[in-house]
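Please open the structure in your viewer and keep the selection tool at hand, since this tour moves from one selection to the next and says what is there each time.

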Amino acid sequence: MRPASAPGEEESLETLALRAREGDQSALEELLRRIQPDVLRRCARFLPYRQDAEEACQDALMRVASSIHRFRGDSMFTTWLYTVVSNSARQTYRSLKRRSAEMPTEADRMPHQSDPRTTSVIAGSRIDLLEALDQLERDRPNLVAPLVLRDLCQMEYGEIAAQLDLALGTVKSRIHEGRKRVRKALAVN
């Protein structure tokens, strides 16, 4: 039995996550409702178009619901959540990229359709970053998670070390090396 919250007092995300992990369906529903705006905002950091960010957000929320039992509770829930969100956003990007390569759209057949890289600096730079992260994933997959958690999710080094179960020095080294490689990939584009 959990202690009741005082009227008007919201239960912390940590408490909700622990209750949801134990199978409390109402806690899971409340948790998903409360994290949805932050998940959407974080997905939008990765993906340049709102509908793509919304798709990634829904995927991330489904992953949270289906894998909350994997949340160990030895780090903050938000640390675990940001890993799920970044993986969902990057997976959505890969899926969109694969779909567009497999099936040309009406826009692809139009002769004067603009490239988002030239019409929107923000959209173009996000696409370039996702491409650079995909390349990094192929070349050095162990560098991606620390880099994404630090630079896109803005987590502290110590949180990243705890989440990835790595030494602090290893995390810093991987972030440094990841940044060098991504910077090099972005300079070419």
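## Stop one: the aromatic rings

Begin by selecting F71 and F77, both of which are buried; as you look at them, keep in mind that this is a predicted model. Show the side chains and turn the view until both rings can be seen: the ring centres of F71 and F77 lie 5.6 Å apart and the planes stand at 85 degrees, and since an angle over 60 counts as edge-to-face, the pair is therefore edge-to-face.

Now keep F77 selected and add W80, which is buried, as F77 is. The rings of F77 and W80 have their centres 5.8 Å apart, with their planes at 40 degrees, so this pair is tilted. If you colour helix α4, which covers residues 77-102, you will find F77 and W80 three residues apart in it, and they are therefore separated by about one helical turn. With F71, F77 and W80 selected together, you have a cluster that is linked by ring pairs.

## Stop two: helices α1 and α2

Next, select residues 13-21, which form helix α1, together with residues 25-46, which form helix α2; the axes of these two helices come within 8 Å and cross at roughly 140 degrees. With that angle, α1 and α2 are therefore oblique to each other, and the crossing in which α1 passes α2 is left-handed.

To see where the two helices touch, show L13, L16, A17, R19 and A20 on the α1 side, and then S26, A27, L28, E30, L31, R34 and I35 on the α2 side, which they meet. If you colour this contact of α1 with α2 by residue type, its residues divide into eight nonpolar, three charged and one polar.

## Stop three: helices α2 and α3

Leave α2 selected and add helix α3, which is made up of residues 50-67; here the axes come within 9 Å and cross at roughly 145 degrees. Which hand does the crossing of α2 and α3 have? The crossing of α2 and α3 is right-handed.

For the contact itself, show L28, L32, I35, Q36, V39, L40, C43 and A44 in α2, and opposite them R50, A53, E54, A56, C57, A60, L61, V64 and A65 in α3. Coloured in the way used at the previous stop, the residues of the contact of α2 with α3 divide into 14 nonpolar, two charged and one polar. Before you clear the selection, pick out L28 and I35 in α2, which are listed in the contact with α1 and also in the contact with α3.

Technical notes. Residues numbered from 1 in each chain as written. Predicted model: local features only at pLDDT ≥ 70, side-chain atom pairs only at ≥ 80, totals over all residues. Heavy atoms only, no water. Axes fitted to C-alpha atoms, helices over the stretch in contact; angles between N-to-C directions. Helix = DSSP H or I, 4+ residues; strand = E, 2+ residues; numbered from the N terminus. Parallel < 35°, antiparallel > 145°, perpendicular 65-115°, else oblique. Left-handed = near helix turned anticlockwise from the far one by under 90°. Contact = heavy atoms within 4.5 Å. Nonpolar A, V, L, I, M, F, W, Y, C, P; charged D, E, K, R; others polar. Phe/Tyr/Trp six-rings, centres within 6.5 Å; stacked < 30°, edge-to-face > 60°. Buried < 20%, exposed > 50% of the residue type's maximum accessible area, 1.4 Å probe, protein only.
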